[in-house]
Amino acid sequence: MRYLFYILLIIFIVTAFAYKYGPKTSPPQRDDTAIIINDRYITKEEFQRLYKSGSPHLRDKREFINSLIEKELLIQEARKMKIDQEEPFRASIQNFYEQSLIKILMDRKFSSPEIVVDDKEVNRYISMIGKRLHLTILSYRTERDANSATNAVGKEESVAPFRDLSRPVRTRIYQLRKGERTTPFRNGKYFQVIVVEGIENLPPTKSALPSRQEIRELLLEEKREEYINNWLSRLKKNAAIEVMITE
């Protein structure tokens, strides 16, 4: 019910805005009209479009018509009370518009053809599951220091089976060989680099391995996150930003 309420609320906001600020047209011919609600004429074409794009919870046509009538009556009542002229309403429209833009943009970025995981990567990840790794985690205050490997402010050594490491660590190091290091990444207020000091085999176990599809999805998810973070960093780097307030 809460999901349905949010859907109706969004429909209410968008429709009210369009109804208030959209172009005014003369009523359609009666033969072209599907529903009349006071001075609101819904054409047959508009009704079919609304019905096809409506919530799957309202597939029954009678139920959908009743919901449409109730929604329109609520909009008309809100307009009588001039709610559509109040600042909170305008702010909610602006916020909905901005969030919709961001969602569409992020959906397109997440589906970028640049984000792929091939069989070689999956095979490499599987081969690391039976390994124990000796790692050094270095922390830096700036990305420049991390890239140049100077002025480290923290150093942590760790020895652990690959499968016991956190997911972000596993997906950053699974392709590395002994002596190699990750590119700098932000972790809290520091930039960190992980160095693989050593890799050794573990005794065979009967523990079940994740499926290839599970591994592929895991790697894809991490690649998407890294892709988005890098893209946002480039946006900030190329933008003209001035912060004029102090904490």
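**Figure 1. The largest nonpolar core of the predicted model.** In this predicted model, the largest nonpolar core comprises 26 residues. Y125, L135, F162 and I173 have the most contacts inside this core. At least two core residues are supplied by each of α5 (119-128), β3 (131-140), α7 (167-173), β6 (190-201) and α8 (212-238). Helix α8 provides the largest share, seven residues. In soluble globular proteins, nonpolar side chains tend to be buried together.

**Figure 2. Surroundings of I173, and a second core.** Leaving aside residues up to four places away in sequence, I173 touches L133, L135, F162, L165, T182, I194 and V196. Separate from the largest core is a second one of seven residues, among them I37, I42, Y51 and L68.

**Figure 3. Packing of helix α2 against helix α3.** Helix α2 spans residues 44-53 and helix α3 residues 61-80; the two pack at an angle of about 110 degrees, and their axes lie 11 Å apart. Because angles of 65 to 115 degrees count as roughly perpendicular, α2 is roughly perpendicular to α3. On the α2 side, the contact is made by F47, Q48, L50 and Y51, and on the α3 side by K61, F64, I65 and L68. Of the residues in this contact of α2 with α3, six are nonpolar, one is polar and one is charged.

**Figure 4. The four-stranded open sheet.** The strands follow the order β4-β3-β6-β5, and their pairing is antiparallel. The edges are occupied by β4 (154-161) and β5 (185-187); each has a single partner strand, so one side of each is left without a neighbour in the sheet. From one strand to the next, the twist averages 35 degrees. Strands of a sheet pair through backbone hydrogen bonds, either parallel or antiparallel.

**Figure 5. Pairing of strands β3 and β6.** Strands β3 and β6 run antiparallel and are joined by ten bridges. One residue pair may be picked out in this view: H134 has G198 in β6 as its bridge partner.

**Figure 6. Packing of helix α5 against helix α8.** These helices, α5 and α8, pack at an angle of about 105 degrees, with 10 Å between their axes. Helices α5 and α8 are therefore roughly perpendicular to each other. Residues D119, E121, V122, N123, Y125 and I126 of α5 meet R212, I215, R216, L218, L219 and K223 of α8. Classified by residue type, the contact of α5 with α8 contains six nonpolar, one polar and five charged residues.

Terms used
Residues are numbered from 1 along each chain as its sequence is written. This is a predicted model: local features need pLDDT of at least 70, side-chain atom pairs count only at pLDDT 80 or more; totals for chains, interfaces and linings use all residues. Side-chain values use heavy atoms; hydrogens and water are left out. A nonpolar core is a set of buried Ala, Val, Leu, Ile, Met, Phe, Trp, Tyr and Cys residues joined through side-chain atoms within 4.5 Å. Buried means under 20% relative accessible area, exposed over 50%, partly exposed in between (1.4 Å probe, protein chains only). Contact means heavy atoms within 4.5 Å. Axes are lines fitted to C-alpha atoms, for helices over the stretch in contact, and angles run from 0 to 180 degrees between N-to-C directions. Angles under 35 degrees count as roughly parallel, over 145 as roughly antiparallel, 65 to 115 as roughly perpendicular and the rest as oblique. Ala, Val, Leu, Ile, Met, Phe, Trp, Tyr, Cys and Pro count as nonpolar, Asp, Glu, Lys and Arg as charged, and the others, Gly among them, as polar. Two strands pair if DSSP finds at least two bridges between them.
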